[in-house]
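Q: Hey, got a minute to walk me through a protein structure? I'd like to start with one residue and work outwards.

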Amino acid sequence: MKKIYFDDMSNLKENWTKPIVLFLGLILIIFGTFTDFLSEDWNKWIKASGYLLFSIYFLRKVIRKNYVQWNKLGMTVRINTYFREKRLTFNEINSYEFINNTLRIFQSNKTIELDLSNVLESDKERLIKIIEDNTIANNS
């Protein structure tokens, strides 16, 4: 059974490190680009460190095969693949059903199917809970 990595983008109180890493990377890039009092080699290393922080931040989403990222508006789901993402908008979800380890989400303009056969039970429940909570909050 595989684990799903969940990333709640709307809760900055729990995820306070993400903006700090991005801000620190941006500061390093700007500092390395526009300073003259350090040697050119040091400026290159400082700039490279900033780009490395940006890369680490954004690559953690790419290198995980089972990944769910959401905020108050919608969700990006990638299950059993590295490249094919499925995007959901919570206010367009009409209903969903979970039958035989397949989660079908019915939106106003399309139906999305997710095969959850090799995913942990607790992660399946959490994914359904996220969809329930955000759909009810946005559709009421």
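A: Sure, and keep in mind that this is a predicted model. Let's start with Phe106, which is partly exposed, with a relative accessible area of 26%.

Q: Why does Phe106 count as partly exposed?

A: Buried means under 20% relative accessible area and exposed means over 50%, with partly exposed in between. Phe106 has 26%, so it counts as partly exposed.

Q: Ok, and where is Phe106 found?

A: Phe106 is in strand β6.

Q: Which residues does Phe106 touch, if I skip those up to four places away in sequence?

A: Phe106 touches Glu92, Ile93, Asn94, Ser95, Tyr96, Glu97 and Thr111.

Q: And how far is Phe106 from Phe23?

A: Going C-alpha to C-alpha, Phe106 and Phe23 are 38 Å apart in space. In sequence they are 83 residues apart.

Q: Let's zoom out. How many helices and strands does the protein have?

A: There are three helices and seven strands.

Q: In what order do the elements run?

A: From the N terminus on, the order is β-α-α-β-β-β-β-β-β-α.

Q: What about the radius of gyration of the protein?

A: The protein has 19 Å, whereas a compact globule of 140 residues would have a radius of gyration near 14 Å. Along the principal axes, the C-alpha atoms fill a box of roughly 65 × 35 × 25 Å.

Q: How many of the residues are buried, as a percentage?

A: Buried residues are 32% of the 140 in the protein.

Q: And the accessible surface, what does that come to?

A: About 9300 Å², and carbon and sulfur atoms account for 58% of that.

Q: What about charges? How many positive and negative ones are there?

A: The protein has 20 positive and 16 negative charges. The mean positions of the two sets are 2 Å apart.

Q: Switching topic: how many aromatic pairs are there?

A: A search of the whole structure finds three aromatic pairs. One of them is Phe6 with Trp70, an edge-to-face pair at 6.3 Å centre to centre with 80° between the planes.

Q: Which parts does that pair tie together?

A: Phe6 sits in strand β1 (residues 5-8) and Trp70 in strand β2 (residues 67-70), so the pair links parts that are 64 residues apart in sequence.

Q: Are Phe6 and Trp70 buried or exposed?

A: Phe6 is buried, with a relative accessible area of 17%. Trp70 is buried too, at 8%.

Q: What about the rings of Tyr57 and Phe58?

A: Their centres are 4.8 Å apart and their planes are at 85°, so that pair is edge-to-face. Tyr57 counts as buried at 13% relative accessibility, while Phe58 is partly exposed at 47%.

Q: Which residues form an aromatic cluster?

A: Phe54, Tyr57 and Phe58 form one.

Q: Now the loops. What's in the one between β5 and β6?

A: Asn101 is there, and so is Asn100, with β5 covering 93-99 and β6 covering 102-107.

Q: What is phi like for Asn100 and Asn101?

A: Phi of Asn100 is near 50°, a positive value in a residue other than glycine. Asn101 isn't a glycine either, and its phi is positive at about 60°.

Q: Which of them is exposed, and which partly exposed?

A: Asn100 is exposed, with a relative accessible area of 71%. Asn101 is partly exposed, at 29%.

Q: And where is Asn109?

A: Asn109 is in the loop between β6 and β7 (111-115). Asn109 counts as exposed, at 58% relative accessibility. C-alpha to C-alpha, Asn109 and Glu92 are 8.1 Å apart in space, with their positions 17 residues apart in sequence.

Q: One last residue: where is Phe98, and what is it in contact with?

A: Phe98 is in strand β5. Leaving aside neighbours within four places in sequence, Phe98 is in contact with Leu103, Leu116, Lys124 and Ile128. Phe98 and Lys124 are 26 residues apart in sequence, and their C-alpha atoms are 9.6 Å apart.

Q: Buried or exposed, or in between, for Phe98?

A: Phe98 is partly exposed, with a relative accessible area of 34%.

Methods. Residues numbered from 1 in each chain as written. Predicted model: local features only at pLDDT ≥ 70, side-chain atom pairs only at ≥ 80, totals over all residues. Heavy atoms only, no water. Helix = DSSP H or I, 4+ residues; strand = E, 2+ residues; numbered from the N terminus. Rg over C-alpha atoms; globule rule 2.2 N^0.38 Å. Buried < 20%, exposed > 50% of the residue type's maximum accessible area, 1.4 Å probe, protein only. Areas by Shrake-Rupley, 256 points an atom, 1.4 Å probe, with all protein chains shown as cover. Lys, Arg positive; Asp, Glu negative; His and termini not counted. Charge placed at Lys NZ, Arg CZ, Asp CG, Glu CD. Phe/Tyr/Trp six-rings, centres within 6.5 Å; stacked < 30°, edge-to-face > 60°. Contact = heavy atoms within 4.5 Å.
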